[in-house]
Amino acid sequence: QISKKYEKLQIDQQEIKKQAESKFLKIREEEATMERFISTISENELHLEKLQHKAEKYLVKQNHSQAEINILRTEVVKYEKENIQLTSDLGKQKKQHLNAEDNILKIKDSLTDHFSQKNTLEAKMQFYENIIATHEGCPEGVKEILHDQKNYPFVLGVLSDLIQVKDPYQIAVESVLGEFSHYLVVDTQENARKLIRNTNQRLSVIALSSIASVASNNRHYPAKTLLSVIKHNKILDPLLHILLGDVCILPNEQDQPKFGTSDEYDWVSATGCYFKKGYILKSSGKGSPSIIGRQHRFEALRKEFKDLDKDIKKIEKELNKSVNSADSLRGKLQRKTDGLAVSIKKLNDSEQKLLQQDYMLIQQQESIREIKYEIKGTETQIIDINNRCKSSRDNVNAFRKEFDELSSIQDVFRGKLDALRSKRNILHQYVQDARIKLMEIEKEKEGLEERIQTFTAQNKDLSERISKYESEVKRLGRENKAQTK
């Protein structure tokens with residue numbers, strides 16, 4: 001009976017569920033209809049805004065057309081005045097343009113001279129760079145060390161590259177130094193010995209640490225000293241005082257020292273004639289360039305090259321500025337020439353535009369009337385769709401109310417189903433327990449029947465034994481009686 005009630009409630013619940021789903025589908029259909037109506041209303045409102053914006057644009061265009069007519073009439077007078085002014089400015093700008101062209105030619109000539117100097121400096125720099133890179137003029141042992149100077153960081157360089165001599169005394173310093181010009185200069189005596197051990201070439205090295213410092217003296221020399229024209233690092237002071245300390249420079253008008261002074265001082269001329277204490281005389285010859293200060297001369301050439309390059313860039317910038325200025329003047333001339341033709345053309349165009357504006361004004365007024373009619377139709381459509389949307393909204397509310405009622409009924413049925421399901425589960429549990437007990441009783445019955453059968457078999461066996469025993473007793477009794485007799 002409970003199962004039947006439960007099945008009936010399930011059927012009723014399914015029916016209510018179908019009704020609720022049907023109402024829900026109707027609600028969704030009505031909502032979709034409302035959404036379509038709302039979308040249509042939005043489209044119509046957007047179309048209405050576009051029409052209103054279009055009408056406003058036509059009104060603005062109409063006002064602009066009238067304003068443009070007034071402007072064109074004013075421009076006619078302005079162009080006539082500009083023609084007179086343009087003719088006067090044209091003559092002035094032609095003169096300015098000619099001056100600009102002359103200036104460009106002058107700048108180009110200057111630029112050509114600077115490029116020629118740049119090429120000359122590049123050739124000189126290449127010459128000195130090759131000499132410095134190959135250490136031309138140095139002994140093979142010195143070249144070997146200088147080419148591998150990364151392994152000998154303590155080598156300061158060749159003495160001739162470590163000093164800088166003012167012009168024109170390079171030949172004089174080279175003549176006095178002699179072979180010392182090609183000596184390597186290192187910091188310590190230990191490193192000097194290391195160089196000697198590591199080469200099989202002829203090599204001469206000066207160790208600065210082995211030279212005692214030289215104190216300044218107040219000795220008066222009869223002429224300019226050779227040390228006064230040499231720039232060098234202070235660490236070379238002791239060495240240069242030893243090698244050049246007593247050497248004076250002969251005046252330009254003398255080719256040898258005066259009698260009586262050659263024995264006390266060493267003398268050298270700017271051309272390289274060297275007189276040492278009157279017993280050594282040396283001449284540097286002619287035509288051979290000095291090796292003194294080649295690195296410094298290369299650096300000076302490189303600095304001069306950079307300065308020249310800056311000047312060239314400056315001149316190129318000035319040239320570009322002048323060319324741009326000339327182009328600007330040419331453009332102004334062309335613009336002013338074209339301006340006169342444009343002014344006449346604009347005057348004719350203005351009259352044509354006036355006729356066009358009148359025609360456009362009529363067209364715009366007609367378009368405005370059509371837009372107003374279309375706006376009225378669109379507003380009517382919006383009102384009609386709003387009414388239909390309101391009707392759909394009412395239907396949705398009614399369907400939703402019915403759906404809520406069916407949902408409540410379905411909840412009640414669900415509660416009843418849950419109660420019946422609980423009772424049915426309890427009864428099922430009772431039945432299951434009874435079945436288990438019945439099975440246990442049946443098993444006990446089967447055990448008892450087996451025991452009864454066992455007892456019956458035993459009883460039968462005992463009965464048979466008793467019968468045999470009684471018959472045996474009777475037989476023995478008869479035998480005893482017989483023997484007694």
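## Model confidence

The protein chain averages a pLDDT of 77, with 83% of the residues scoring at least 70, and these values belong to a predicted model. Among the elements of the chain, the lowest mean pLDDT, 73, falls to helix α1, which covers residues 2-134, whereas the highest, 92, falls to strand β4, made up of residues 205-207.

## Strand β4 and I206

Strand β4 contains I206, which counts as buried because its relative accessibility is 9%, under the cut-off of 20%. When neighbours within four places in sequence are left aside, the contacts of I206 are with Y183, L184, V185, V186, I211 and L239. The C-alpha atoms of I206 and V158 lie 9.6 Å apart in space, although 48 residues separate I206 from V158 in sequence.

## The four-stranded sheet

Strands β6, β7, β8 and β9 form an open sheet in the order β6-β7-β8-β9, and the pairing within this sheet is mixed. Because β6 (247-249) and β9 (280-282) each have a single partner strand, they stand at the edges, and one side of each is left without a neighbour in the sheet. From one strand to the next, the twist averages 15 degrees.

At the β9 edge, the pairing with β8 (residues 274-276) is antiparallel and runs over three bridges. One of the residues involved is K276, whose bridge partner in β9 is I280.

## The largest nonpolar core

In soluble globular proteins, nonpolar side chains tend to be buried together. Here the largest nonpolar core has 26 residues, and those with the most contacts inside it are I163, L226, I230 and L244. At least two residues of this core are supplied by each of β2 (163-165), α4 (170-177), α6 (237-244) and β6, the last of these being also an edge strand of the open sheet.

The surroundings of I230 can be described in further detail: not counting residues up to four places away in sequence, I230 touches I163, Q164, V165, V173, L240 and L244. Two of these partners, I163 and L244, are listed with I230 among the residues that have the most contacts inside the core.

## Aromatic pairs

A search of the whole structure finds two aromatic pairs. One of them joins Y152 and F154 in an edge-to-face arrangement, with 6.0 Å from centre to centre and 80 degrees between the planes. Y152 counts as buried because its relative accessibility is 10%, and F154 likewise counts as buried, at 11% relative accessibility.

How values were computed: Residues numbered from 1 in each chain as written. Heavy atoms only, no water. Pairing = 2+ DSSP bridges. Axes fitted to C-alpha atoms, helices over the stretch in contact; angles between N-to-C directions. Core = buried A, V, L, I, M, F, W, Y, C linked by side-chain atoms within 4.5 Å. Buried < 20%, exposed > 50% of the residue type's maximum accessible area, 1.4 Å probe, protein only. Contact = heavy atoms within 4.5 Å. Phe/Tyr/Trp six-rings, centres within 6.5 Å; stacked < 30°, edge-to-face > 60°. pLDDT = per-residue confidence, 0-100.
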